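Here is a quick briefing to read with the structure open. Take a look around first, then come back for the notes.

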Amino acid sequence: MVKIFIGNLSPDTTAEELRSLFSQYGKISECDIVKNFGFVHMDDKAKAEDAIKNLHHYELNGQAMNVEISRGRPKASTKLHVGNINSSCTNQELRAKFEEYGPVVECDIVKDYAFVHLERVEDAMDAVSGLDNTAFQGVLFAVDPSSVFSSHNHQLASG
């Protein structure tokens with residue numbers, strides 16, 4: 001199985017569109033999008049390399065995609081910015097909410113926002129997808145995925 005990272009996706013792009021595009025090159029076992037980036041899992045290495053070669057800088061919904069082999073998990077934790085935290089929320093409560101998605105390395109609340117560090121980038125993406133714009137303690141979370149992309153783009157690319 002080969003995991004492919006796709007960056008610079010248009011906000012209009014759906015997982016179905018991405019799956020359809022990549023399935024022209026081979027069997028897709030998994031396809032996920034979180035905000036402006038995503039991952040596609042292909043079964044065959046040669047076909048995945050063919051897809052990467054042909055789809056890197058391919059324009060989908062008006063934006064040229066960045067397509068490359070995913071280099072696995074980053075060594076460091078993945079830091080998320082979490083906005084709009086209820087003033088009565090504790091670190092333990094916030095940590096517990098994010099631990100539903102994976103191991104939390106660190107959790108720091110600063111006034112009405114926080115930084116949550118998850119051990120794995122995949123868990124962080126799941127947390128962004130599952131928690132952004134959802135109600136927690138009476139307010140809507142704002143979980144910023146750009147932190148995931150910008151802080152780990154280099155590590156994902158160079159591995």
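**What to look at**

The buried residues of α2 pack against β1 (2-7), α1 (15-23), β3 (37-42) and β6 (66-69). Keep in mind that this is a predicted model. Two open antiparallel sheets do much of the organising here: one runs β2-β3-β1-β6, the other β8-β9-β7-β12.

**Helix α2**

- The buried residues of α2, which spans residues 45-55, are A48, A51, I52 and L55. They sit on the same side of the helix, because the arc they cover around the axis is only 100°.
- Flip to the other side of α2 and you find A46 and K53 exposed.
- At the start of the helix, D44 brings a side-chain oxygen to within 3.1 Å of the backbone nitrogen of A46.
- Just after α2 comes H57, with a positive phi near 70°.

**The β2-β3-β1-β6 sheet**

- This one has 4 strands, and the pairing is antiparallel. β2 (28-34) and β6 are the edge strands, each pairing on one side only.
- From one strand to the next, the twist averages 15°.
- β1 and β6 run antiparallel and are joined by 4 bridges. Look for I4, which stands opposite I69 in β6.
- α1 packs on this sheet and touches β1, β2, β3 and β6; the helix direction makes about 140° with that of β2.

**N66, on edge strand β6**

- N66 has its place in β6, and its side chain makes a polar contact with the side chain of E68 at 3.3 Å.
- Leaving out residues up to four places away in sequence, N66 touches F5, I6, G7, N8 and H56.

**The β8-β9-β7-β12 sheet**

- Here too there are 4 strands in an open sheet, paired antiparallel. β8 and β12 (142-144) each have a single partner strand, so one side of each is left without a neighbour in the sheet.
- Neighbouring strands are turned by 20° against each other on average, direction ignored.
- Between β7 and β9, which run antiparallel, there are 6 bridges. One pair to find is T78 with its bridge partner L118 in β9.
- α3 packs on the sheet and touches β7, β8, β9 and β12, with its direction at about 135° to that of β8.
- α4 lies across β7, β9 and β12, and runs at about 15° to β7.

**V110, on edge strand β8**

- V110 belongs to β8 (residues 104-110). Buried or exposed? V110 falls in between: at a relative accessible area of 32%, this residue counts as partly exposed.
- V110 and I85 are 25 residues apart along the chain, and their C-alpha atoms are separated by 9.0 Å.

**The nonpolar core**

- In soluble globular proteins, nonpolar side chains tend to be buried together.
- The largest nonpolar core in this model has 23 residues. Those with the most contacts inside it are L80, V82, L94, F98, V116, F141 and V143.
- Who supplies it? β3, β7 (78-83), α3 (91-98), β8, β9 (113-118) and α4 (121-131) each give at least two residues.
- The largest share of this core comes from α4, with 5 residues.

Notes
Residues are numbered from 1 along each chain as its sequence is written. This is a predicted model: local features need pLDDT of at least 70, side-chain atom pairs count only at pLDDT 80 or more; totals for chains, interfaces and linings use all residues. Side-chain values use heavy atoms; hydrogens and water are left out. Buried means under 20% relative accessible area, exposed over 50%, partly exposed in between (1.4 Å probe, protein chains only). The arc is that of the directions from the helix axis to the C-beta atoms. Contact means heavy atoms within 4.5 Å. A polar contact is a pair of N or O atoms within 3.5 Å; within protein, one must be able to donate a hydrogen and the other to accept it, and residues adjacent in sequence count only if both atoms are side-chain atoms. Two strands pair if DSSP finds at least two bridges between them. Axes are lines fitted to C-alpha atoms, for helices over the stretch in contact, and angles run from 0 to 180 degrees between N-to-C directions. A nonpolar core is a set of buried Ala, Val, Leu, Ile, Met, Phe, Trp, Tyr and Cys residues joined through side-chain atoms within 4.5 Å.
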